[in-house]
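Please work through the exercises below with the sequence and the coordinates open beside you. Each task is followed by a solution that proceeds in steps.

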Amino acid sequence: MPLDQLTDEEIESEGKEMSFLDHLEELRWHIIRAVGAIFVFAILAFIFIEDIFRVVILGPKNPDFWTYRMMCKLADTTGYADLCVTKLNFELQSLGVSDQFTMAMTSSAIIGLCFAFPYAFWEVWRFIKPGLRSVEKNAARGAVFFVSLLFTIGLLFGYFIVSPLAINFLANFQITPEIKNQFDITSYIGILVTLSLGCALIFQMPMVAYVLSKVGVLTPKYMREYRKHAWIVILIVAGVITPSPDIYSQVLVALPLTLLYEVSILVSARIEKARLKAQTELEKL
C-alpha cells in the first residue's frame, strides 16, 4: 500500500519497517507523478504556444502592456511624465536555426512547471509528511497552500512589475543612437523567466522565516534588531533588479519586499509566542 494512504499509526509502524530502497521507491513514484503533471501542462502550453508567445511572453515588449498603461496613469497623477512608457526601442530576432523551436520547448516546460507547481510541491510534501512527528505536522499545517499562494503572488509580481520595468530600461538604454538594440529571443526570455521565477522564490520569505523560527535559528528580536539593515539590502536588491534610474520604479519593487520582511517578523513572533506558551505549560506540570 502506498505510504500516503496509510493512517498516522500505520505510517509510523510502516516507516520503521521500510528499508532505504523502499523509501527510494516511494520517492520515485512521487517524483514521477510530479513530473507527469508538469509534462501534461507543458504539452498543453506547447499546443497553444503561438497565442502564449503573442499575449504572455511578448506582452512586456509592447507599449500597450497592462503595466505600462498603469504607469502612464500614474504619470498623469504625479505629473512625472518620464514614468509613461510610449515606446520600447528594440527588436527581437532569432539567430540560430533551431532557436525558435528550442524556445517553444523551453517556454512550454517553464509554463508547465509554473502551473503544476502546487501539485508538484504537494507530491513532495506527501513524501516528507509521514516522517514528521505529530507536533511537526500540526505546525506545518497549510504549508502546501501558503507555499503555492506565495509562489503565485511572487510570479505575478515578477511578471507584471519587475520584468516590465527592467525590460523598459534595458530596451531604451543606448550608448549612442548609432547602435541599434536588436536582442536575441533567448536573451529576452532569459530575463523574463529569471526575474519572474526569482520573485516567486523571494516571496517565500515568510515561509523561510516560519521554518527557521520553528527550529530556533531565527527570532523576531533578531529580525527587528537588524530591520534597518534589511531595508538597506531590500533597496539594493530593488535597485539591481530594476535598473531604471527613477525612484518610482525602485519604490514599486521595494515596498512589497519590505512588507514581506515585516510579515516574516510577525510570523516569527507568533512561533516564539507559541513556543514560550508551551514551555510555560510544561513548567506548571
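The exercises that follow concern a predicted model, and they go from the overall fold to single pairs of side chains.

**Exercise 1. Overall make-up**

Task: Determine how many helices and strands the protein has, and in what pattern they follow one another along the sequence.

Solution. Step 1: counting the elements gives 12 helices and two strands. Step 2: reading along the sequence, one finds the pattern α-α-α-α-β-α-α-α-β-α-α-α-α-α. Step 3: turning to burial, 35% of the 285 residues are buried, while the exposed area of the protein comes to about 17,600 Å², with carbon and sulfur atoms supplying 67% of it. Step 4: among contacts with a separation of 6 or more, 79% are between residues 24 or more positions apart.

**Exercise 2. Annotated spans set against the model**

Task: Find which residues the UniProt annotation "transmembrane region" covers, and examine the helix content of residues 101–122 and of residues 187–213.

Solution. Step 1: according to the unreviewed UniProt entry, the annotation covers residues 31–49, 101–122, 143–167, 187–213, 225–241 and 247–267. Step 2: in the model, residues 101–122 are 100% helix and 0% strand, and the C-alpha atoms at the two ends of the span lie 31 Å apart. Step 3: residues 187–213 are 93% helix and 0% strand, with 39 Å between the end C-alpha atoms.

**Exercise 3. The nonpolar cores**

Task: Describe the largest nonpolar core and state which helix gives the most to this core.

Solution. Step 1: the largest nonpolar core has 42 residues, and those with the most contacts inside it are Phe-53, Ile-57, Tyr-68, Tyr-188, Ile-189 and Val-253. Step 2: at least two residues of this core are supplied by each of the helices H3 (49–57), H4 (66–78), H5 (99–128), H7 (143–172), H8 (185–202), H11 (227–241) and H12 (247–284). Step 3: helix H7 gives the most, with seven residues. Step 4: a second core of 12 residues, separate from the one just described, includes Cys-114, Ala-140, Leu-150 and Leu-155. Step 5: to look at one member of the largest core in detail, take Tyr-188, which, when residues up to four places away in sequence are not counted, touches Ile-57, Leu-58, Gly-59, Pro-60, Lys-61, Phe-90, Leu-92 and Ile-167.

**Exercise 4. A nonpolar patch on the surface**

Task: Identify which residues make the nonpolar surface patch of about 810 Å², and decide whether Ile-47 is buried or exposed.

Solution. Step 1: the patch is made by Phe-39, Val-40, Phe-41, Ile-43, Leu-44, Ile-47, Phe-48 and Phe-115. Step 2: helix H2 (residues 20–47) contributes the largest share of the patch, namely six residues. Step 3: Ile-47 is found in helix H2, and because its relative accessible area is 56%, above the 50% limit for the exposed class, Ile-47 counts as exposed.

**Exercise 5. Salt bridges between helices and within one helix**

Task: For the pairs Arg-33 and Glu-123, Arg-54 and Asp-51, and Glu-262 and Arg-227, work out where the partners lie and how accessible they are.

Solution. Step 1: the structure holds five salt bridges. Step 2: in one of them Arg-33 pairs with Glu-123, the closest N and O atoms being 3.1 Å apart; the pair links distant parts of the chain, since Arg-33 is in helix H2 and Glu-123 in helix H5, 90 residues apart. Step 3: Arg-33 is partly exposed, with a relative accessible area of 30%, whereas Glu-123, at 0% relative accessibility, counts as buried. Step 4: Arg-54 and Asp-51 meet in a salt bridge at 2.9 Å, N to O, and both lie in helix H3, three residues apart, which is about one turn of the helix. Step 5: Arg-54 is partly exposed at 48%, and Asp-51 is partly exposed at 38%. Step 6: the side chains of Glu-262 and Arg-227 meet at 3.0 Å, N to O; Glu-262 lies in helix H12 and Arg-227 in helix H11, so this pair ties together parts that are 35 residues apart in sequence. Step 7: Glu-262 is partly exposed at 23% relative accessibility, and Arg-227 is partly exposed at 22%. Step 8: salt bridges that share partners join Arg-33, Glu-123 and Arg-126 into one network.

Key: Residues numbered from 1 in each chain as written. Predicted model: local features only at pLDDT ≥ 70, side-chain atom pairs only at ≥ 80, totals over all residues. Heavy atoms only, no water. Patch = residues over 30% accessible without salt bridge, like charges linked within 9 Å, V, L, I, M, F, W, Y side chains within 5 Å. Areas by Shrake-Rupley, 256 points an atom, 1.4 Å probe, with all protein chains shown as cover. Salt bridge = Lys/Arg side-chain N within 4 Å of Asp/Glu carboxyl O. Helix = DSSP H or I, 4+ residues; strand = E, 2+ residues; numbered from the N terminus. Buried < 20%, exposed > 50% of the residue type's maximum accessible area, 1.4 Å probe, protein only. UniProt positions renumbered as here; feature names shortened; annotations may be inferred. Core = buried A, V, L, I, M, F, W, Y, C linked by side-chain atoms within 4.5 Å. Contact = heavy atoms within 4.5 Å.
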